[in-house]
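I opened a new page for this chain and set down what I wanted to look up, beginning with a single residue and moving from there to the whole fold and its internal spaces.

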Amino acid sequence: MAILNEKVGLSNSDLRKLRSMRPGMVLDVQVKSPNAAKRVRTEFVGMDGTRCIILRYPDEAKWGNLKDAIYTDNSIIVRFILEDETGEVIAFKSRILLVATKPTQLVFISFPMAIQNQGLRSDKRTSTRTPVELADGETGGPLFDGLVLDISASGCRVGVKRAVQGESKLTGKNLMLSIRPQKDSVYRLKGQVMNHKTDELHHYYGIKFEPGDEQITPLLSEILIDF
């Protein structure tokens, strides 16, 4: 095992995390096209020792044409949620080795040299600038748009332009937050405004999430680790 670690630059713990992937596990994949980065979801198929990892080719009926992004030698970033007592997002960079079309569409990628990980259950705040739509938590009526400025498993800080909010008061209010880490994905979480600060241009709200919401984990998996 020591030789293996030296070869791939991974610790025993890192290898255990990679080997925790099971066929059918959902993976978040990010690839670059000539125009922009594309972030899609697919499934883990298997791995061949430390030679390569095999993914299912993402469904183009759902994600659109990917031929300009998924091709041999292009770089790829893979993220997945490690569902154990640690509750972590695991992410790694790799390179596409081969795109197979027969008998089924598969993507072979190089075994990673290193991984990143971020605990989902930690209260450590992670900075971000993710769009959010705020609505009244009781009536569902829309209020205004803002940005999530930092986030953890227990809550977030939201910034709203003073010109947008006007004289509305949110302190102590229950809200519905529609958080959009990507254009085609939205996570709706309930939360309560716990504190409020302001400057010349913005209002800033500390919001505590409603405990036990199942959308918190996949949301954090999209936001927490960004290469």
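**Entry 1: one residue.** In which strand is the place of Thr 130? I found Thr 130 in strand S8, which runs over residues 126–136, and I note at the outset that I am reading a predicted model.

I then asked whether Thr 130 is buried or exposed. Its relative accessibility comes to 5%, and because buried means under 20%, I entered Thr 130 as buried.

Next I looked up the surroundings of this residue. The side chain of Thr 130 is joined to that of Thr 128 by a polar contact of 2.7 Å. Leaving aside residues up to four places away in sequence, I listed Gly 146, Leu 147 and Val 148 as touching Thr 130, together with Ile 179, Arg 180, Pro 181 and Ile 223.

**Entry 2: the chain as a whole.** I recorded five helices and 13 strands for the protein chain, whose C-alpha trace spans about 60 × 40 × 30 Å along its principal axes. Of its 227 residues, 45% count as buried. I also looked at contacts with a separation of 6 or more, and found that residues 24 or more positions apart account for 56% of them. For the surface, I wrote down an exposed area of about 12,300 Å², of which carbon and sulfur atoms supply 50%.

**Entry 3: internal spaces.** How many cavities of 30 Å³ or more does the structure hold? I counted two, and I took them in order of volume.

The largest cavity holds about 40 Å³ of space. In its lining I noted Val 29, Thr 42, Leu 55, Arg 56, Tyr 57, Pro 58, Ile 70, Ile 76 and Val 107. Sorted by class, this lining has seven nonpolar residues, one polar and one charged.

The second largest cavity has a volume of about 30 Å³. Here the lining consists of Asp 28, Arg 39, Val 40, Arg 41, Trp 63, Gln 182, Asp 184 and Ser 185. Which strand gives the most to the lining of this second largest cavity? I found that strand S2, residues 37–48, does so with three residues. By class I entered four charged residues, two polar and two nonpolar for the second largest cavity.

Setting the two linings side by side, I wrote one charged residue for the largest cavity and four for the second largest, against seven nonpolar residues in the former and two in the latter.

Note on methods: Residues are numbered from 1 along each chain as its sequence is written. This is a predicted model: local features need pLDDT of at least 70, side-chain atom pairs count only at pLDDT 80 or more; totals for chains, interfaces and linings use all residues. Side-chain values use heavy atoms; hydrogens and water are left out. On a 1 Å grid over the protein atoms alone, a cavity is a set of points where a 1.4 Å probe fits but cannot get out, and a pocket is an open set with protein on both sides within 12 Å along at least five of seven lines; lining residues have an atom within 4 Å of a point. Grid points are joined across faces, edges and corners, and a volume is the space filled by probe spheres set on the points. Ala, Val, Leu, Ile, Met, Phe, Trp, Tyr, Cys and Pro count as nonpolar, Asp, Glu, Lys and Arg as charged, and the others, Gly among them, as polar. Helices (H or I, at least four residues) and strands (E, at least two) are DSSP runs, numbered from the N terminus. Buried means under 20% relative accessible area, exposed over 50%, partly exposed in between (1.4 Å probe, protein chains only). Contact means heavy atoms within 4.5 Å. Accessible areas come from the Shrake-Rupley method with a 1.4 Å probe; for residues, only the protein chains shown count as cover. A polar contact is a pair of N or O atoms within 3.5 Å; within protein, one must be able to donate a hydrogen and the other to accept it, and residues adjacent in sequence count only if both atoms are side-chain atoms.
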